[in-house]
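The following report describes the domains, cores and chain contact of a protein model. Please read it alongside the sequence and coordinates.

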Amino acid sequence: MFFVVGLFVALVFKLYSKQITQHDYYLSLANNQQLWQKENKARRGQVYDVNGYPMAINLSLPALEIIPNQVTDSDYVARKMAVVLHLSREEELELKEGLRSNALYMPPLKHKLSDEEVTEVRELDLEGVLLIPEDWRYYPENEVASQILGYLDTEGVGQYGIEGYFNAELMGSSGFVQTYHDLTGRDLVDSEQVLSQVQQGVNLNLTIDRTVQYFVEEKLKNAVERFQAEGGSVIVMDPKTGQVIAMANYPTYNPNEYFKVEDYEDFNNPAVAHFWEPGSIFKPLVMSMAIDMGLVTPDTAEIFGASIKVMDREIFNSERKPYGRETMTQVLENSDNVGMVWVGEKVGLDDFYKYLYKYGFGDETGIDLSGESPGLVVDKSLVSEVDLATMTFGQGIAVTPIQMVSAVGAIANGGYLMKPYVVDKITTVDGKEVKVSPEVVRSVLSPTAANSVAAMMVSVVENGHGKQAGVQGYYVAGKTGTAQVPVNGVYDPNKTIGGFIGFAPAFDPKFVMLVKIDIPKTTEWAESSAAPLFGEIAQFLLNYYLVPPDRV
Amino acid sequence: MIQNVRIEEMHSGMKRNQTANRFALGPVSLQFVTIVLLALFSLMYLLQNNQMTTQGYKIAQLKNDQLEILQENEKFQVEAARLKALSEIKGKVQNMEMESVSSVKYLAVQK
């Protein structure tokens, strides 16, 4: 009797222990068997150009996975897979070994299966052989705008360009749901419970026009090859808004095959990440300082020699000949270094630096692309008279192409510096649109001064070194610049960077453009490398935007 | 199980005979009814559960179909994007022997 009672008490105690004391433990054990938590992966947002053409889109392609411990006949499966995936004899043997391991997991046998391969695998209907959908990024235009777009790495993280800068917004965030499932692993009806909502990635519309981008890239590539140059960049921007219409570099890469890139430098966008001593294309900016301050007018004249002595240094103009009496307009037309040193002396170091910073040099423009450099402006306290003199013709100061375009854009835009940007519109999955508004950074010059400098730059194209940048029927404002390249602190006599910066139509500009050809071998001067390319692209742009001629 | 019971009762000074049906269950009947009810409920539960499972399976199947259709749709979109790519268009146009525009003229229209 006592034994039975004892057993009963023990039973009650055990039940109490299992059901009351260890309730939570056993509940979680049961939940582990019946409850599944699933991740609802957010879909990455897509990227379109200004006209809605896709630039970066998603593509779901299956991967082939095999679970070895679910395979009944490993030899048969390996043989069949070898046929479908065209495996070599060694690969087939390796697969056979892997399948015999009885493991719970082995890495996917192949990613991005073709339609034919998918059909064949489905027809075989083998146990333990699975087709798992995987998301991939596809860039339909291949190389076009690759350094603007960046790429998506194998971990699904955006690198460089838009993909890098807007990675969090494009990626969204995963949600989690909890479901009960039956013995076969199927979800039970109505058992889904949302633990956290999935936030889908946003779509982006760029300010980039893929047609212009394509044209510019093609022309730039041809020019780089023609001049046997090391590379080049072109930026086309709307000076009234700061919208970047095209931003091309060469060499470039195909983001669909980013893993084939040998030189990681190709991933960078030189138009925002690289800086160089701009040379003579910097002169209109220095001239604008003097004009805005009322120190000179376009018609102010002075007699200039072939050189000028500053402290212990003698500074020559590029042709080492005296231009004699020149107006300020002619100083720009002749690209006279000596005249520019004189202008710089009139401006003075303090005001020179004040305008440098107003133009945005020495600081990032804030463009919405990753990897932007602030350039290099030497601290004012370290600047000598010679340094100031050389800076007036674009030496001893390093700027990025996007800084240069923004600064000259201010001249084109009545003195107002605009913040450059490449994302025009952000659209959420539920259709909410956020349009990015143009942003005036600051007023750099008076509209009168800006207009005067624009007219002087027109004169450079009409009468100076920039003739090849002209477009018949239009007033084009511009300036050439053949910059020397410092190597270990000394300018290399065999290396130059040809540049041309300008805008058109000069007095109601549709675009401001910089063309830069790095270290061409077949020509020394920007007049015959960057200027003709500028003219060719300008002609295309004026036609493309249906801009009627502004001169008879 | 059902017994006829004769009830006599006085009402308003009248005597009336009434016959009423009275429901009563014996222990065996009770057991029988309980078993039948249990069986019925079990059957209903089984049917409902079965239906739920079938519906669940159908939903899973439909979700799968939906996913496949969406993937198919996405594939077409990707293919359309590929065909619309400028390099692709340029390649096709080259075979069409088209002339490029040599000059553009604007006409002044008086309003």
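The centres of domain 1 and domain 2 of chain A, taken over C-alpha atoms, are separated by 42 Å. Chain A is assigned domain 1 (32-49 + 145-206) and domain 2 (210-544), with bounds that come from an automatic or database domain assignment. The model is predicted, with local features needing pLDDT of at least 70 and side-chain atom pairs counting only at pLDDT 80 or more, while totals for chains, interfaces and linings use all residues. Residues are numbered from 1 along each chain as its sequence is written, and chains are lettered from A and ligands numbered from 1 in the order in which they are written.

Residues are in contact if their C-beta atoms, placed from the backbone, lie within 7 Å. The contact between the two domains takes 18 residues from domain 1 of chain A and 23 residues from domain 2 of chain A. On the side of domain 1, the elements that give two or more residues are α6 (146-149), α7 (161-165) and β9 (203-206) of chain A; helices (H or I, at least four residues) and strands (E, at least two) are DSSP runs, numbered from the N terminus.

The contact between the chains takes 18 residues from chain B and 22 residues from chain A. Of the side of chain B, the largest share, 13 residues, comes from α1(B). The table gives residue classes, in which Ala, Val, Leu, Ile, Met, Phe, Trp, Tyr, Cys and Pro count as nonpolar, Asp, Glu, Lys and Arg as charged, and the others, Gly among them, as polar.

| Side | Nonpolar | Polar | Charged |
|---|---|---|---|
| Domain 1 of chain A, touching domain 2 of chain A | 10 residues | seven residues | one residue |
| Chain B, touching chain A | 10 residues | five residues | three residues |

The largest nonpolar core (buried Ala, Val, Leu, Ile, Met, Phe, Trp, Tyr and Cys residues joined through C-beta atoms within 7 Å) has 133 residues. A residue is buried if 20 or more other C-beta atoms lie within 10 Å of its own, exposed if 12 or fewer, and partly exposed in between. Helix α17 (residues 447-463) of chain A gives the most to this core, with nine residues. Because domain 1 and domain 2 of chain A both give residues to this core, it lies between them. Among the residues with the most contacts inside this core is V234(A), which touches residues including V216(A), L220(A), M513(A) and I537(A), not counting residues up to four places away in sequence.
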